[in-house]
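Reader: I am new to this one. Please show me how to read its features, one at a time.

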Amino acid sequence: MTIPTGASHGASHHLLPVASPARTRAAVAQLLRPQRRLSITALVVMIAATAVGLLVQPLLGRIVDLAVDRESATPVAHAVTTTAALLAAVAVVQGATTGLGLSLVSRLGETTLARLRERFVEEALGLPLDRVEKAGAGDLTARVTADVSLIAEAVRNALPELVRSLLAIVLTLGALAVLDWRFLLAALVAVPVQVHTARWYVARAVPLYARQRVAGSAQQQQLLDTVSANSTVRAYRLERDHTRLVAERSSAVLRLTMRGVRLVLGFYSRLHIAEYLGLAAVLITGYWLVRQSAATIGTATAAALYFHSLFTPVNSALVLLDDAQSATASLARLVGVTDRTGQAPSAPAPSAPVAGVGVTIRGLSHAYRPGHPVLHDIELTIGQGERVALVGASGAGKTTLARLVAGIQPPTTGAVLVGGAPPAGLGSAVAGRAIALITQETHVFAGPLADDLRLAKPEATDEELRAALDRVDALGWAEALPDGLATVVGDAGHRLSGAQRQALALARLVLTDPPLVILDEATAEAGSAGARALEKAVARAVDGRTALIVAHRLSQAAAADRIVVMDRGRVVETGTHDTLRIAHGPYAALWKAWSDSREPAP
């Protein structure tokens, strides 16, 4: 049994990759490319909405000029009424175009987010299992939950507002230039402070939020380790150690969060200084131009209103910059999983074998850590259609050898060939059709039982599903469920026993119809009462296929064509059951111990 105290100490050293800023931008551009027409349409509509809204300040300035001009009351009243009507029309048009533009931007963001999710799921499912195991479930879980949620929130709320704010800033500065170029120069007094503030903030926020994401992943991994190993933690009296580890991870997250709060406070204080400087400069410029008769009071009023209207979009853009930096950090973590740039191009995957395959293992040695080998110089050949059982004490290396044959990870030295090709080089799609690995941990997906079975063969008919279940002696209990094959199983559904879950896995195996089957103690979860029935089901499922069976019960080994005995990572004996039983070697000792421990048959 592995004591989990240090399970997460080195987890952060093996986290999944994070994409660079350049690769993140390239990935976003690639996702947006199919939506080019929608992007252009959304941009044009948002520009039109913002431009219409900029008519408000000149119209208000016009009213000021009319109020100053007291020579004729009747024309002034008529002009004010006309101007007010234009203001109402501007409000209506701006509201309609803004609503349309925001809906288009939201549609663009949601479509892009959906494509990113699909790519992430596709690539995450294709990750090598050893890579996922080294990173820990916490890192991948944090990316698929917290990071995706943060990006989704930014796309739904921050993105439309950020687009509108940036357009308002650019067009408002252009409107100030139209009034008088000196108003624009006065407004630009605030820009150096704002640019310096933005650069100061971004330089600190990007690495800070990236560290927050990593710290959050480490915290989640530690919580998962502690909760999942609850019984072991209690058995070894490790509660204090794990509480300390959780506290350390949580304290790291808290420290980084408080640094972020202090960073935001400093950010806002600098923005207020910029607003004061800019507004003072515009007002002084307007006063001087009016005194010089270079502008009317209404024009100066419009310029002041223009600059004052910049407060909201500038502050919104810079505030949303905070959300954007956090979302960018999360986006880089997703792109780090989906991006294949820089990875060695994989060789063209051979076609999946349609008939049986043989397995050849040559000079195989393997170590999970350098200098600590768990397998030594394994030489083994499994013929086409042969059933070979791996037996040995716990820790002998049986599961490791099975994982290497399945292609979950490449061996440290030596070679594994399945049908003449390395299993890791077959490609996930091909390997899924050529090799099936069934362990004692079988997941039951939530939904109807028929849908669960069709994961192995989506086009399977109901008759094919029943035939697969019948082949592994599971049709009886499946049809006895409340709604038969339509019964909802998994979470919040009908609970299946351990033997039923394993039978379900075997039925999936029959539907997948791979030429090579690897069973890693696939009957270990079945109670003794159902063990014999499940072993018969296994025999039927693997009939006609090449099979490598990690035998939990030696009755499985006895039924195999050949038995391979392992001890401390080496093959120490091989032969048939009858040959090895009378050879008085390691297998004979195992068989005697197992036979003596069995209960008398009724």
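Reader: Which residues form a nonpolar patch on the surface?

Author: This is a predicted model, so keep that in mind throughout. The patch is made of V189, I273, Y276 and L277. Together they have about 400 Å² of accessible area. One of them, I273, sits in helix α10, residues 239-291.

Reader: Now the inside. Which residues touch the most other members of the largest nonpolar core?

Author: A core gathers buried nonpolar residues whose side chains are joined through atoms within 4.5 Å. Here the largest one has 36 residues, and L469, V472, L506 and L509 touch the most other members. At least two residues each come from β5 (435-439), α14, α15, α16 (475-479), α17 (498-512), β8 (516-520), α18 (528-542) and β9 (546-550). The largest share is that of α17, with eight residues. Another core lies apart from this one. That other core has 34 residues, including W200, L208, A303 and A317.

Reader: What does L509 touch, beyond four places in sequence?

Author: Its contacts are A436, I438, P514, V517, A541, V542 and R545.

Reader: Let me try a loop residue. Is A460 buried or exposed?

Author: Buried means under 20% relative accessible area. A460 is buried because its relative accessibility is 4%. A460 lies in the loop between α14 (449-454) and α15 (462-471). Leaving out residues up to four places away in sequence, A460 touches R454, L465 and L511.

Reader: How far apart are A460 and L511 in sequence and in space?

Author: They are 51 residues apart in sequence. From C-alpha to C-alpha, the distance is 7.9 Å.

Reader: What about backbone angles? Which sign of phi does D377 have?

Author: Start with the general idea: most residues other than glycine have a negative phi. D377 is not a glycine, yet its phi is positive, about 45°. D377 belongs to strand β2, residues 372-382. With 55% relative accessibility, D377 counts as exposed. D473 also departs from the general pattern: its phi is positive, about 60°, and it is not a glycine. D473 is in the loop between α15 and α16. At 42% relative accessibility, D473 is partly exposed.

Reader: Last point, confidence. What is the mean pLDDT of the protein chain?

Author: The mean is 81, and 87% of the residues reach 70 or more. Check the local values too. Over residues 1-13, pLDDT stays under 50, and the model has 24 contacts beyond four places in sequence for them. Residues 341-355 also stay under 50, with 15 such contacts.

Definitions and conventions
Residues numbered from 1 in each chain as written. Predicted model: local features only at pLDDT ≥ 70, side-chain atom pairs only at ≥ 80, totals over all residues. Heavy atoms only, no water. Helix = DSSP H or I, 4+ residues; strand = E, 2+ residues; numbered from the N terminus. Buried < 20%, exposed > 50% of the residue type's maximum accessible area, 1.4 Å probe, protein only. Contact = heavy atoms within 4.5 Å. pLDDT = per-residue confidence, 0-100. Patch = residues over 30% accessible without salt bridge, like charges linked within 9 Å, V, L, I, M, F, W, Y side chains within 5 Å. Areas by Shrake-Rupley, 256 points an atom, 1.4 Å probe, with all protein chains shown as cover. Salt bridge = Lys/Arg side-chain N within 4 Å of Asp/Glu carboxyl O.
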